[in-house]
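Here's a quick briefing to read alongside the structure. Have the sequence and the 3D view open, and we'll go through it topic by topic.

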Amino acid sequence: MTILDGKKVSNDIKNEIAEHVSAMISKGEKVPHLAAVLVGSDGASMTYVNAKVKACEKIGFKSTLIELPEYTSEEELLDTINKLNKDADIDGFIVQLPLPDQIDEQKVLMAIDPDKDVDGFHPTNVGRMALDLPTFLPATPYGIMELLERYQVETSGKNVVVMGRSHIVGRPMSILMSQKRKAGDATVTVVHSRSKNLKEITLGADIIVAAIGISEFLTGDMVKEDVVVIDVGITRVPDQTKKNGYRLAGDVHFESVSKKASYITPVPGGVGPMTIAMLLKNTLLARERHG
């Protein structure tokens with residue numbers, strides 16, 4: 001069993017980007033500038049955004065963090081987005097999700113300039129991805145593809161089961177895995193909470209991407225020998241043996257599934273670091289596109 005080490009691969013990618021940025025600086029070119037908008041003080045969101053800002057500093061990107069209070073109105077947030085769209089110094093930006101209840105997420109995502117949408121969530125970029133045209137790929141699916149590619153996991157003609165149908169992970173993942181690309185060319189099945197014969201379907205899978213949002217949902221009896229397992233989930237599970245009273249768990253019951261898997265991602269240290277690395281890769285692409 002091989003651990004798909006997202007932490008190591010993400011560091012490799014960051015080092016590659018840092019070299020690229022050094023070359024840009026030596027030529028007197030403008031370095032990439034990523035902005036992040038955070039509304040409210042959700043703990044997980046703050047952790048993600050801070051990790052993104054730190055990663056920018058480490059590789060030589062310029063970064064801007066815009067923190068708005070929980071009570072920010074939809075109009076105020078849309079005004080902030082409009083300013084970022086017009087700011088020529090900013091190459092790409094993200095609006096950290098989830099947003100407070102008073103704000104329509106769809107409206108916000110639609111307002112972002114597709115050329116600065118380094119999260120890859122705007123309908124224009126989603127459409128381009130579906131048609132296999134050059135675009136910003138959503139960072140988490142992009143990170144998974146990169147991880148499979150760098151570990152040379154064979155995907156062509158394999159049965160892939162994607163657990164979950166979210167617009168952020170499940171749906172784009174199913175599209176990318178079915179396309180003619182290095183980590184693709186697979187036969188893809190999407191399952192979700194309403195799927196019948198779930199165990200029967202997962203037992204037939206060569207590769208499983210678990211993004212169903214239920215802690216330790218995929219267990220050893222649901223997978224076959226030598227399966228490749230990508231765990232996208234991350235949840236705090238109460239654990240009195242830990243100093244902070246919890247442990248981090250994914251959507252996969254690691255102990256039982258890892259006994260059968262040929263490759264598996266850990267939680268933490270698997271998909272999470274890859275998501276940040278690919279966001280940086282998208283920002284570099286945005287900078288190069290803006291010339």
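**Pocket, core, sheet and cavities**

The largest pocket holds about 1600 Å³ of space. Keep in mind that this is a predicted model. The pocket has 49 lining residues, and the largest nonpolar core counts 51 residues. There's also an open sheet of six strands, plus two cavities of 30 Å³ or more.

**The largest pocket**

- If you want to find the middle of the pocket, go to Tyr48, Val232, Ile234, Gly272 and Thr275, which lie nearest its centre among the 49 lining residues.
- Two or more lining residues come from each of α1 (6–26), α2, α6 (139–150), β9 (235–238), β10 (246–249) and α10.
- Helix α2 gives the largest share of that lining, with nine residues.
- By class, the pocket lining splits into 25 nonpolar, 14 polar and 10 charged residues.

**The nonpolar core**

- As a bit of background, nonpolar side chains in soluble globular proteins tend to be buried together.
- In the largest nonpolar core here, with its 51 residues, the members that touch the most others are Ile17, Phe61, Ile144, Leu148 and Ile230.
- The top contributor to this core is helix α10 (residues 271–290), which puts in nine residues.
- Phe61 is a handy one to click on: leaving out residues up to four places away in sequence, it touches Ile17, Val21, Pro32, Cys56, Leu280, Thr283 and Leu284.

**The six-strand sheet**

- Reading across the open sheet, the strand order is β1-β11-β8-β7-β5-β6, with parallel pairing.
- Strands β1 (2–3) and β6 (187–191) sit at the edges with a single partner strand each, so one side of each has no neighbour in the sheet.
- At the β1 edge, the parallel pairing with β11 (residues 263–264) runs over two bridges, and Thr2 stands opposite Tyr263 in β11.
- At the β6 edge, the parallel pairing with β5 runs over five bridges, and Met163 stands opposite Val191 in β6.
- Strand β5 (residues 159–163) has four of its five residues buried, so it is largely enclosed by the rest of the structure.

**The two cavities**

- What is the volume of the largest cavity? It comes to about 40 Å³.
- Lining the largest cavity are Leu34, Ala35, Ala36, Lys52, Val53, Cys56, Ser63, Thr64 and Ile94.
- The elements with two or more residues in that lining are β2 (33–39), α2 (43–59) and β3 (62–68).
- The lining of the largest cavity breaks down into six nonpolar residues, two polar and one charged.
- The second largest cavity has a volume of about 30 Å³, and its lining is made up of Ile94, Val95, Leu109, Ile112, Asp117, Asp119 and Phe121.
- That second lining has five nonpolar and two charged residues, with no polar ones.
- Ile94 turns up in the lining of both the largest and the second largest cavity.

**One helix residue to check**

- Thr80 sits in helix α3 (residues 74–86).
- Is Thr80 buried or exposed? Thr80 counts as buried because its relative accessibility is 15%, and the cut-off for buried is under 20%.
- Setting aside neighbours within four places in sequence, Thr80 is in contact with Ile66 and Leu68.

How values were computed
Residues numbered from 1 in each chain as written. Predicted model: local features only at pLDDT ≥ 70, side-chain atom pairs only at ≥ 80, totals over all residues. Heavy atoms only, no water. Core = buried A, V, L, I, M, F, W, Y, C linked by side-chain atoms within 4.5 Å. Buried < 20%, exposed > 50% of the residue type's maximum accessible area, 1.4 Å probe, protein only. Contact = heavy atoms within 4.5 Å. 1 Å grid on protein atoms, 1.4 Å probe; cavity = no way out; pocket = protein on both sides within 12 Å on 5 of 7 lines; lining within 4 Å. Points joined across faces, edges and corners; volume = space filled by probe spheres on them. Nonpolar A, V, L, I, M, F, W, Y, C, P; charged D, E, K, R; others polar. Pairing = 2+ DSSP bridges.
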